[in-house]
Amino acid sequence: MDIRPGEVHALCGENGAGKSTLIKILSGVILPNEGTVQWDETPLPLGRVHSVEAHGILAVHQEPVVFPHLNAMDNLFVGRESAALRGAWLDKSTMRTKAREILANLGEELPLTQPVGDMSLAQRQMVSIGRALLHQCRILILDEPTASLSARESESLFEKVHTLKQQGVGILYVSHRLEEIFRLADRVTVLRDGAWVTTADIASLNQETLIQHMVGRDIPSKQRSDVPSEDSEHRPPVLEIKNLSREGVFENISFGIQPGEILGMSGLVGAGRSEIARAIFGIDPFDAGEIIYLGSPLSKGFTIQDTIQAGMAMVPEDRQQQGLVLPLSVETNLLLPSLSEFQGPLGLKPKPMRATGQSLIEKLGIKTETPAHPAHSLSGGNQQKIVIGKWVHRHPKLFILDEPTRGVDVGAKHEVHRLVRELAAQGSAVLLISSELPEILSLSDRILVLCEGTIRGEIKGNEATQEQLLKLALPEETRRSA
Amino acid sequence: MTDTTTANTTPPLKRALIFLLSHRAAGLFLFILLLLGIVSVVNPAFLEVQNLKDIAVQAAPVCIISCGLMLVLVSGEIDISVGSMMGLLAACMGAMVSESRGHLPPGTAIVLTLGIGVVIGLLNGWLVAYAGVPSIIVTLGMLTALRGVTEIVMGGSWITDLPDGIRFLGTGAFMGVPISLWTALGVILISLWLIHRTAIGRRIYAIGSNPHAAYLAGLPIRPLKLFVFAWTGLLTGVATLVSVPQLSVVDSGIGVGLELLVVTCVVVGGTAVSGGLGNLSGVLCGVILMTMISTVLIFMKLGENATYWSRAIQGLFILGAIIADHWISRQRKS
Amino acid sequence: MKQRILNMIWQPETFLIVLLGILFAAMGRLDASFLQWEVQRALSSHVWELAIIAIPMTLIILTAGIDLSVGSVMGLSAITTGMLFQKGLPLPLACSASLLVGIFCGFLNGWFITRMKVHPLIITLATMAAYRGMAEGISHAKPVSGFPDSFTWLGQGDWFGLPVAAWVFAVMVGLVLWMMHGRAFGVGIYAIGHNETATRFSGLRVDRYLVALYTFSGFASALAAVLFVARRNTAKADAGMGMELGVITAVVIGGVSIFGGRGTLIGACLGVLLIHETREFVSWHWNRDELNLLALGILLILSVVFQKLLRHKQGSAL
Amino acid sequence: MKLSRQNISKGWITTAFTAVLALLFTACGPGASNNESSEASASSGDNGSKKITICLIPKKKGLPYFTSCAAGAELAAADLGNVELIYDGPTDGSPEKQASMIEQYTLKGVDVIAVSPNDPDVVAPAMRKAREKGIKVLSWDADAVQDARDYFVNQATAQAIAHGMVDTMVSDIGGPEVKAEVAIVTAYLTAANQNVWIDHMKTHIADTYPNLNLVAIKPSDEDQKLAFKVTQDLMKAYPDIKGFFGISSVSFPGAAEAVKQSGKSGEVMVTGLATPNSMKSYVKDGTVKSVVLWNTSELGYLTVMVGEALATGKLSSGDTTFDAGKLGEKKIAGDHVLLGDILVFNQGNIDQYDF
């Protein structure tokens with residue numbers, strides 16, 4: 001493949017297709033086994049980030065490359081100090097001016113002296129992108145840059161991409177969000193299972209054909225659960241939240257979920273959605289309000305164990321850090337919350353464990369060689385299925401899903417969606433948090449929109465549109481100015 | 001912006017306390033002043049210049065090593081071999097200059113001592129960065145092994161004939177201020193420059209703060225780790241040179257338990273063991289506080305009983321620092 | 001099948017067994033008298049206290065924690081036994097009290113660690129100083145001696161051909177092995193060591209696990225202290241000084257990763273055996289205590305380097 | 001994966017574990033038959049005459065004091081000709097390790113064990129066990145529990161040492177009528193020997209010198225630096241202090257250096273126990289008037305002589321004198337073999353000694 005100056009070249013493929021590896025090679029983090037990268041007709045010296053950067057190839061990796069204890073300015077300059085070196089001294093004033101300039105360029109006003117660890121995820125992502133802009137770049141690699149950005153922030157990033165493009169910078173853009181690709185890209189390269197599949201002009205493709213290239217098979221297009229179960233109105237709610245508040249995080253949150261219902265929770269990153277979910281599940285404390293579960297209020301100071309015992313389940317936001325014990329086996333991960341079930345008088349009973357593990361793997365369609373394989377050997381989508389699967393076995397009455405398809409490829413995404421619908425059909429109440437509007441729209445019976453810690457509105461799932469959700473999600477000032 | 005709103009609703013006294021505790025140096029400094037106030041009421045002799053000078057001289061080597069160890073902790077590693085390293089370096093230095101053993105000129109001996117310090121530091125660093133052994137294991141092994149080497153170097157007898165040239169480093173003064181204090185001052189200035197005004201310093205913080213991001217950013221993690229250990233080795237050598245010649249006899253027990261004191265100082269000074277966090281002013285206050293405590297206990301004239309409880313009091317001080325930390329982070333969150 | 005065999009060969013335990021084999025062969029060569037059963041049995045009395053503390057230490061290190069205060073807890077428990085005995089309390093009561101003290105010290109460690117969310121290294125560094133200081137403060141650093149024979153039998157006597165402490169150790173290892181492999185407990189410990197957050201989010205009571213482990217560590221240290229007092233017929237504040245380093249060295253040599261999640265109790269026991277034999281043999285054969293320090297330090301570093309290489313091999317064998 | 005793999009191989013590991021144990025057991029078989037030959041090689045000497053193995057265990061290896069004792073012991077071994085000397089002790093001065101070493105030597109089947117116990121109570125069980133095995137057990141330098149040893153080679157009783165130090169101090173500061181504050185810098189708080197001396201010193205001061213006021217006892221943890229610091233602090237906290245006892249060979253030079261650097265040489269007296277070499281410079285410049293010790297080399301020499309005599313039966317209970325070769329006749333009081341008087345080193349005689 002090749003990248004031309006002044007174009008946005010999108011890189012697509014399911015998880016595990018080799019995109020991230022390719023990017024790591026291009027940016028000099030790791031060495032390829034064979035092959036070369038040509039740069040202006042000459043082979044590029046690989047394996048050293050510095051020499052690659054010196055050629056003007058800069059990468060923004062999927063995980064924000066930030067150092068939480070350092071302030072924004074230092075973050076921008078670490079590893080690139082040569083830009084501000086005067087003799088043996090770092091020139092702080094140069095650093096300051098340059099940093100301000102870059103961040104202003106990105107449309108961000110960040111306090112330069114605040115440790116980045118105290119900033120929001122989106123701000124961190126901005127700092128991470130800012131790092132790449134410090135140098136005069138000729139090729140910019142963006143790996144899932146919008147994963148943790150809200151719609152508004154993504155918008156300003158897209159603008160920036162356009163400007164850079166006009167300046168003649170070649171951009172390699174990786175994203176799972178197909179809408180973005182169709183909006184930004186000039187050409188698309190598709191990878192599958194570590195091999196090149198095709199490179200084509202975006203104009204010659206539509207969503208279906210692109211997906212087909214990526215998965216190598218047909219996928220039924222998204223259906224929408226058009227029939228929200230009407231009778232659910234009469235049933236008592238599984239969960240009722242009354243005036244839940246936590247100072248500085250969320251305020252006066254009240255809602256209820258019926259069994260069999262999928263309640264979507266939409267809003268910008270930082271609107272307090274995950275925090276509410278964590279409070280319900282007993283991870284974080286809250287200051288005021290009441291959580292009524294199955295008709296009786298949860299006592300103050302309840303813990304995760306209490307909620308799990310009572311039949312709640314949560315798929316946390318960060319799969320690798322919070323969802324899985326990666327080096328342990330698929331089976332162990334699947335059975336981790338239910339271990340006490342297999343406790344015999346002489347110890348854990350291996351046979352029923354094996355059987356349950358196997359049946360879960362089949363039920364969820366987890367692709368693994370054996371149940372004894374470590375979870376980290378699986379692709380992102382399959383890992384996510386484990387995280388969901390470990391709760392499926394317990395037949396939860398309330399299922400909280402926080403960004404269940406973040407960083408999951410299209411094929412697996414469909415399967416996750418199918419699982420969520422199945423769960424609801426079996427009578428579980430589902431609280432779905434997602435930043436992807438199509439996902440929320442296609443799954444939810446009802447949608448709550450949050451903004452700055454308060455509920456801004458509630459829409460029936462089959463009546464909502466993307467524009468509506470976005471409008472509600474934006475803070476007042478921005479809406480007025482927009 | 002939510003932060004400011006919360007801050008405004010908190011009572012000012014509590015806010016001040018939070019500020020002091022979160023700026024470790026300021027909090028420790030106030031605590032030191034408080035301690036000074038109490039002890040000088042009980043026994044005004046404490047505030048005499050000579051006494052303060054003595055405390056400073058005792059603190060100097062600890063301070064010098066702490067400057068190095070802080071960087072090790074900031075980079076996300078630990079070094080608990082400094083005590084034994086000092087023992088070995090003292091033995092080597094003594095053996096080199098002693099008239100009955102090596103009889104080298106002091107200048108050569110100084111350079112060689114520093115060189116040995118750097119070499120041991122490099123060995124530590126190499127094992128950590130390139131052989132991939134966890135630093136606590138490497139330096140725990142070194143803590144034991146170097147003590148054994150020291151015994152072998154000393155060979156059962158002590159060095160009692162240090163020449164005046166070397167003794168001057170420990171007992172001499174320049175403009176009325178002991179050499180060791182000048183050295184400590186120099187080391188502090190160099191460390192400040194290293195931390196704030198060089199790429200190396202900023203990168204050390206970066207690799208400790210988020211190693212994976214450092215890897216993606218292409219930072220030279222291994223050389224940097226090698227550097228912090230070598231730097232600590234060098235500073236241990238410097239500390240040996242200015243503190244051991246304060247005494248006339250080099251014995252084989254020099255530096256026993258020093259690693260615990262230094263780690264305590266650095267941690268009380270607000271450096272995170274998990275890396276990425278730590279500042280020199282906090283560490284300096286930590287050093288002063290920890291070296292002061294035992295002197296303060298003596299000056300309080302609490303009697304024989306206090307002797308037996310002094311170690312317990314030191315332990316409680318560290319626990320106090322931890323609890324304060326915990327409290328502050330909780331206050332910050334809510 | 002081939003893979004399985006390969007996996008077994010690249011276990012750290014295999015490495016330890018081979019190392020022990022070489023060591024025993026070398027010892028037989030140099031000084032066969034050292035390997036007599038009588039000699040080994042008698043010398044073994046030096047290691048049981050360390051071995052007993054190594055059990056909870058293994059579990060704690062598996063959860064990516066560490067307990068530096070074990071030696072100091074030993075001191076405090078020993079002095080409790082001694083002081084109470086001196087005050088005229090019957091010995092069984094004095095011993096129970098010292099076990100309680102140990103349990104409380106351990107519990108306090110666990111409570112601080114889970115409550116303050118500070119690295120165990122720092123908490124136990126602080127309590128290491130505090131507990132030792134209390135032992136010195138309470139006793140004014142004076143030792144207590146003159147225990148009756150019925151008590152010293154615990155430390156000096158044999159029962160069915162082995163020292164009493166050996167049986168205590170065996171029972172504890174048995175119990176813990178059963179807990180580790182037959183119960184959710186074992187899976188939990190490894191899970192915490194690999195990823196504490198995910199384990200917590202899966203509903204395991206991580207804090208309870210940790211408090212339980214550190215309490216267990218306190219209990220084991222107190223038990224070791226009682227055996228120590230009985231063996232040496234002296235209760236003193238500096239009992240167990242430096243014990244923490246020996247125990248950690250043994251556990252790490254036994255292939256337990258200091259970052260948690262990796263290693264086995266069997267490996268740790270082999271580690272204990274290895275450093276015990278090395279220690280005893282060096283002073284048996286060369287009569288130079290300083291060589292011991294050198295040997296142990298090098299053994300520790302080398303064995304971890306080797307295990308690192310093994311893990312590499314193991315990875316490629318998969 | 002990890003877990004399950006462990007499960008797979010657990011059984012295997014256990015088998016291998018037992019295999020190693022079995023190896024160990026089988027190794028014991030031939031070991032037992034080798035026993036005689038190895039013991040013979042350890043203790044049989046030239047010309048068929050049995051060599052006597054004597055183990056000399058110091059409190060702490062690496063201290064010049066004990067190294068000089070060992071030198072004397074070597075001399076005795078060479079003079080006697082039929083003695084094989086082993087000199088080893090804990091480098092960290094831990095009494096537990098001493099006890100472990102005694103147990104090792106007991107198993108090895110040596111003839112004589114001479115211990116300078118760091119903590120008599122801790123080593124007593126091990127010493128008793130050695131005696132039960134028929135090994136002659138001596139204590140030297142410091143006494144052990146009485147029934148745990150055959151003889152004590154006594155260079156000076158604890159009382160004599162304590163009284164010697166106090167008397168020296170009193171004469172150094174100008175006589176019993178001078179009112180003075182003094183302090184002790186000891187080794188460890190838990191050091192048994194020092195604690196016995198301190199008790200004797202306290203009673204002696206209380207009984208004989210009402211004008212002497214002991215204001216503080218501070219540990220130096222066998223760290224010169226700490227001894228230095230503690231002495232400095234004490235001088236400032238008690239400005240009228242007149243004297244320091246440095247009662248270990250580490251704390252004495254530390255204390256002397258502190259006094260010297262504060263410029264109070266001659267005003268504040270330091271005395272205590274140390275080898276003359278480490279104190280020479282202080283004695284010469286007047287910081288220290290007198291150093292209390294005994295002839296360490298002769299102590300080592302005598303210990304080996306007594307050990308050999310015990311093993312060969314030359315010495316039996318009830319004897320009141322003992323022929324110590326070139327040291328001449330030594331008195332025996334009960335089960336104490338007496339070396340003689342303590343030595344006081346001062347400006348006049350310190351150059352005659354080199355250890």
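# Exercises on a predicted model

In S8 of chain D, Gly243(D) is the bridge partner of Val182(D). Keep this pair in view for the opening exercise, and remember that the model is predicted.

## Exercise 1: A sheet in chain D

Find the order of the strands in the open four-stranded sheet of chain D, and identify its edge strands.

Step 1. Start from the pair Val182(D) and Gly243(D). Strand S6 (residues 180-186) and strand S8 (residues 241-246) of chain D pair in the parallel sense, over five bridges.

Step 2. Extend the view to the whole sheet. The order is S7-S6-S8-S9 in chain D, with parallel pairing.

Step 3. Look at the two ends of that order. Strand S7 (212-219) and strand S9 (269-272) of chain D are the edge strands, and each pairs on one side only. On average, neighbouring strands of the sheet are turned by 20° against each other, direction ignored.

Step 4. Add the helices. Helix H5 (residues 158-173) of chain D lies across S6, S7, S8 and S9 of chain D and runs at about 160° to S9(D). Helix H8 (residues 251-261) of chain D lies across S6, S8 and S9 of chain D, at about 155° to S8(D).

## Exercise 2: A sheet in chain A and its helix

Work out which strands of the open four-stranded sheet in chain A stand at the edges, and which helix packs on the sheet.

Step 1. Write down the order: S12-S11-S14-S15 of chain A, with antiparallel pairing.

Step 2. Check the ends. Strand S12 (250-257) and strand S15 (296-297) of chain A each have a single partner strand, so one side of each has no neighbour in the sheet.

Step 3. Zoom in on one pairing. Strand S14 (residues 288-293) of chain A runs antiparallel to S15(A), and two bridges join them. Ile292(A) has Pro297(A) as its bridge partner in S15(A).

Step 4. Bring in the helix. Helix H9 (residues 273-281) of chain A packs on the sheet and touches strand S11 (239-246), S12 and S14 of chain A; its direction makes about 115° with that of S11(A).

Step 5. Ask how covered this helix is. Eight of the nine residues of H9(A) are buried, including Ile276(A), Ala277(A), Ile280(A) and Phe281(A). Just after H9(A), Gly282(A) takes a positive phi of about 90°.

## Exercise 3: Two residues with positive phi

Decide whether Glu403(A) and Ala64(C) are buried or partly exposed.

Step 1. Recall the background: most residues other than glycine have a negative phi. Glu403(A) has a positive phi near 45°, and Ala64(C) has a positive phi near 70°.

Step 2. Place them. Glu403(A) is in the loop between strand S19 (398-402) and helix H15 (410-425) of chain A. Ala64(C) is in the loop between helix H4 (48-62) and helix H5 (70-86) of chain C.

Step 3. Apply the cut-off: a residue is buried if 20 or more other C-beta atoms lie within 10 Å of its own. Glu403(A) has 24 C-beta neighbours inside 10 Å, so Glu403(A) counts as buried. Ala64(C) has 19 other C-beta atoms within 10 Å and is therefore partly exposed.

## Exercise 4: Two packed helices in chain C

Describe how H5(C) and helix H7 (residues 120-139) of chain C pack.

Step 1. Choose the quantities. Two packed helices are described by the angle between their axes and the distance between the axes.

Step 2. Read them off. H5(C) and H7(C) pack at an angle of about 20°, with their axes 8 Å apart. The two helices are therefore roughly parallel to each other, and their crossing is left-handed.

Step 3. Inspect the contact. Among the residues that make it are Leu76(C) and Ile79(C) of H5(C), and Tyr131(C) and Ala135(C) of H7(C). By class, the contact residues divide into nine nonpolar, three polar and one charged.

## Exercise 5: Where chains C and A meet

How many residues of chain C are in contact with chain A, and which helices of chain C take part?

Step 1. Count both sides: 19 residues of chain C are in contact with 23 residues of chain A.

Step 2. Locate the helices. Helix H9 (164-182), helix H10 (184-194) and helix H11 (196-201) of chain C each supply at least two residues of the side that touches chain A.

Step 3. Sort by class. That side of chain C has seven nonpolar, nine polar and three charged residues.

Notes:
Residues are numbered from 1 along each chain as its sequence is written. Chains are lettered from A and ligands numbered from 1 in the order in which they are written. This is a predicted model: local features need pLDDT of at least 70, side-chain atom pairs count only at pLDDT 80 or more; totals for chains, interfaces and linings use all residues. Two strands pair if DSSP finds at least two bridges between them. Two residues are in contact if their C-beta atoms, placed from the backbone, lie within 7 Å. Axes are lines fitted to C-alpha atoms, for helices over the stretch in contact, and angles run from 0 to 180 degrees between N-to-C directions. Ala, Val, Leu, Ile, Met, Phe, Trp, Tyr, Cys and Pro count as nonpolar, Asp, Glu, Lys and Arg as charged, and the others, Gly among them, as polar. A residue is buried if 20 or more other C-beta atoms lie within 10 Å of its own, exposed if 12 or fewer, and partly exposed in between; C-beta atoms are placed from the backbone. Angles under 35 degrees count as roughly parallel, over 145 as roughly antiparallel, 65 to 115 as roughly perpendicular and the rest as oblique. A crossing is left-handed if the near helix is turned anticlockwise from the far one by less than a right angle, and right-handed if clockwise.
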